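I opened a fresh page for this one and meant to keep my notes short. Here is what I looked up, in the order I got to it.

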Amino acid sequence: MTPELTIALIVIAIVLAIYLLISYPLNKYLYRRFFRYKYYRTIYKIVNKKDYRLINNFYFKIDENSQAHFDHLLFGEKYIYCITDKYWTMGIVGKPHDESWLLCKTKDKRTYIDNPLLKNDIREEKLSLISGIERDMFVSIIIVNNDCVVNESIEFNRHNIIVKEKNLAKAIARFENEDIGKINEEQLQKAIFDLNKIKF
């Protein structure tokens, strides 16, 4: 091996090492920075492909002193999907009906948070009561980042789940393939009208 070739191989190895050291944290930073943009595109793809309806940033009053929020209400053919997004740096651990879950922010930093499935269940129940729309028509979904360590098989109940952003389309397709009747156009228009009335 000539000295020139040895130097060239060393330079390539150094450049590759620098690239690997920089690219992973950079990609992670960019993904975190643009997480909402990325999953918004995922939702809009589902909406456009299936001709579904969508309401973004849905805030509603629970009472005079409190309000609740869903990032999206997506109107499918069989269900209305109440969607909340969460970016969790490392991962989250908990059982479906625990009051609190353990959120791992870094390898050494952990904290307890309210059970997100339980919070969504309460929001969904309030939304059903205030809007007058039957509870069975709703499905609650928490979307998390793809690199989040989370057990996607955890379900608070059959209609209250956590999914990674990459699996959202499959999760909605699974619900839409259930052997139940579709929401007819009159029901759908009424549901959208009733929800728009309480949105602020």
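**Entry 1: asparagine 184**

I went to asparagine 184 and found it in the loop between helix 4 and helix 5 (185-198). I should say right away that the model is predicted. Is asparagine 184 buried or exposed, or something between? Its relative accessibility is 42%, so I wrote it down as partly exposed; the middle class runs between 20% and 50%.

I then checked where its side chain goes. The side chain of asparagine 184 reaches the backbone nitrogen of glutamine 187, at 2.7 Å. I also looked up its distance to glutamate 77: the two are 107 residues apart in sequence, yet 8.0 Å apart in space, C-alpha to C-alpha.

**Entry 2: the second largest pocket**

Asparagine 184 and glutamate 77 turned up again here, since I found both in the lining of the second largest pocket. The others on that list are Asp51, Tyr52, Arg53, Phe75, Gly76, Lys182, Ile183, Glu185 and Leu188. I noted a volume of about 160 Å³ for this pocket. Sorted by class, its lining has five charged, four nonpolar and two polar residues.

**Entry 3: the largest pocket**

I moved on to the largest pocket, with about 230 Å³ of space. Which elements give two or more residues to its lining? They are helix 2 (35-50) and helix 4 (168-176). The lining includes Lys45, Ile46, Lys49 and Lys50, and also Ala169, Ile172, Ala173 and Glu176. Tyr52, Glu77 and Asn177 complete the list. By class I got five nonpolar, five charged and one polar residue.

I saw Tyr52 and Glu77 in the lining of the largest pocket, and both are in the lining of the second largest one too.

**Entry 4: two positive phi values**

Next I looked at backbone angles. Most residues other than glycine have a negative phi, so I kept an eye out for exceptions.

Aspartate 51 is one of them, with phi near 60°. I placed it in the loop between helix 2 and strand 1 (53-63). Aspartate 51 has a relative accessible area of 66%, so it counts as exposed. It had already appeared in my notes as part of the second largest pocket's lining.

Asparagine 57 also has a positive phi, near 45°. This residue sits in strand 1. With a relative accessible area of 37%, asparagine 57 is partly exposed.

**Entry 5: histidine 159**

I looked for histidine 159 and found it in the loop between strand 8 (155-157) and strand 9 (160-164). Why does it count as buried? Its relative accessible area is 12%, and the cut-off for buried is under 20%.

What does its side chain pair with? I found a polar contact of 3.5 Å with the side chain of tyrosine 79. Tyr79 is also among its contacts beyond four places in sequence, as are Glu124, Asp136, Phe138, Val139, Ser140, Phe175 and Glu178.

**Entry 6: asparagine 120**

Asparagine 120 is in helix 3 (residues 116-131). I read its relative accessibility as 0%, so this one is buried. Leaving out residues up to four places away in sequence, asparagine 120 touches Phe70, Cys82, Thr84, Ser140, Ile141, Ile142 and Asn160. I picked phenylalanine 70 for a distance check: it is 50 residues from asparagine 120 in sequence, and the C-alpha atoms are 8.7 Å apart.

I noticed that Ser140 is in contact with asparagine 120 and with histidine 159.

**Entry 7: aspartate 194**

My last residue was aspartate 194, in helix 5. It is buried, with a relative accessible area of 9%. Its side chain makes a polar contact of 2.7 Å with the side chain of lysine 190. I also looked at isoleucine 133, which is 61 residues away along the chain, with 8.1 Å between the C-alpha atoms.

**Entry 8: the whole chain**

I finished with the overall numbers. The chain has five helices and nine strands, and from the N terminus I read the order as α-α-β-β-β-β-β-β-α-β-β-β-α-α. It has 200 residues, and 41% of them count as buried. I put the accessible surface at about 12300 Å², with 56% of that belonging to carbon and sulfur atoms. Among contacts between residues at least 6 apart in sequence, 54% join residues at least 24 apart.

Key. Residues numbered from 1 in each chain as written. Predicted model: local features only at pLDDT ≥ 70, side-chain atom pairs only at ≥ 80, totals over all residues. Heavy atoms only, no water. Helix = DSSP H or I, 4+ residues; strand = E, 2+ residues; numbered from the N terminus. Buried < 20%, exposed > 50% of the residue type's maximum accessible area, 1.4 Å probe, protein only. Contact = heavy atoms within 4.5 Å. Areas by Shrake-Rupley, 256 points an atom, 1.4 Å probe, with all protein chains shown as cover. 1 Å grid on protein atoms, 1.4 Å probe; cavity = no way out; pocket = protein on both sides within 12 Å on 5 of 7 lines; lining within 4 Å. Points joined across faces, edges and corners; volume = space filled by probe spheres on them. Nonpolar A, V, L, I, M, F, W, Y, C, P; charged D, E, K, R; others polar. Polar contact = N/O pair within 3.5 Å; in protein donor to acceptor, adjacent residues only side chain to side chain.
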